[in-house]
Amino acid sequence: MCVSAMTTPEAFAAIALAAVACDGKLGRDEAHALRCQLEYRSLYSDSSEAAMGELFDRLLLLLREQGVQGLIASALPQLNRTQQQSALAVAAHLVHADRKITTEETDLLDQLTRQMTLPDNEACMVVEAIEALNRDMLDS
């Protein structure tokens, strides 16, 4: 099947979707958190409910056909450096928000930090900052 290149909004949402779907489960709470992370961003502010539904229908189809890694591989080239940085921060936030990090989620963030075209150690710093932001100071 020939798949056309993703648009920037599709690519940004694909990275976020990969973060919530990488453990093989996409629950209602994760879908809601994903939606909340996207709905006020300028890429989606003019999108109707129907348009957002179509966006996620297409991305879910690609996820089923290509898997998480294929989705990421299709998305990253469509994002510039700043967009990659923001997409990584959103993905890290979605992974860390519940403070229950699975091996699959850790692996996904590690892979994203290696695949992004961010300079030097910037991707690792983004993930570490989001992790710190979501850390519960009562945890030891």
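User: How many of the 140 residues of the protein chain count as buried, as a percentage?

Analyst: In this predicted model, 38% of them count as buried. To get that label, a residue needs a relative accessible area under 20%.

User: OK, let's try one. Why is Thr113 called buried?

Analyst: Set its value against the cut-off. Thr113 has 17% relative accessibility, and buried means under 20%, so Thr113 counts as buried. You'll find Thr113 in helix 5, which covers residues 103-115.

User: And what does the side chain of Thr113 reach?

Analyst: The backbone oxygen of Asp110, at 2.7 Å. The limit for a polar contact is 3.5 Å, and 2.7 Å is within it.

User: Which residues is Thr113 in contact with, leaving aside its neighbours within four places in sequence?

Analyst: Leu88, Ala123, Cys124 and Val127. Look at Leu88 from its own side, again skipping neighbours within four places, and Thr113 shows up there too, along with Leu109, Leu112, Met116, Leu118, Ala123, Val126 and Val127.

User: Which residues touch the most other members of the largest nonpolar core?

Analyst: Leu88 is one of them, together with Ile15, Leu59, Leu71 and Leu112, in a core of 44 residues. Helices 1 to 6 each give two or more residues to this core, and helix 1 gives the most, with eleven. As a general point, nonpolar side chains in soluble globular proteins tend to be buried together.

User: What about Glu122: buried or exposed?

Analyst: Buried. Glu122 sits at 12% relative accessibility, and the cut-off is under 20%, so Glu122 counts as buried. Glu122 belongs to helix 6.

User: What makes the pair of Glu122 and Arg81 a polar contact?

Analyst: Their side chains come to 2.7 Å of each other, and the limit is 3.5 Å. Not counting residues up to four places away in sequence, Glu122 touches Arg81 and Gln85.

User: Zooming out, how many helices and strands does the protein chain have?

Analyst: Six helices and zero strands, so reading along the sequence gives α-α-α-α-α-α.

User: Why is the protein chain called as compact as a globular protein of its length?

Analyst: Compare two values. The radius of gyration is 14 Å, and the globule rule gives 14 Å for 140 residues; the two are close, so the chain is as compact as a globular protein of that length. Its C-alpha atoms fill a box of roughly 45 × 35 × 30 Å along the principal axes.

User: What percentage of contacts between residues at least 6 apart in sequence join residues at least 24 apart?

Analyst: In this chain, 78% of them do.

Technical notes
Residues numbered from 1 in each chain as written. Predicted model: local features only at pLDDT ≥ 70, side-chain atom pairs only at ≥ 80, totals over all residues. Heavy atoms only, no water. Helix = DSSP H or I, 4+ residues; strand = E, 2+ residues; numbered from the N terminus. Buried < 20%, exposed > 50% of the residue type's maximum accessible area, 1.4 Å probe, protein only. Polar contact = N/O pair within 3.5 Å; in protein donor to acceptor, adjacent residues only side chain to side chain. Contact = heavy atoms within 4.5 Å. Core = buried A, V, L, I, M, F, W, Y, C linked by side-chain atoms within 4.5 Å. Rg over C-alpha atoms; globule rule 2.2 N^0.38 Å.
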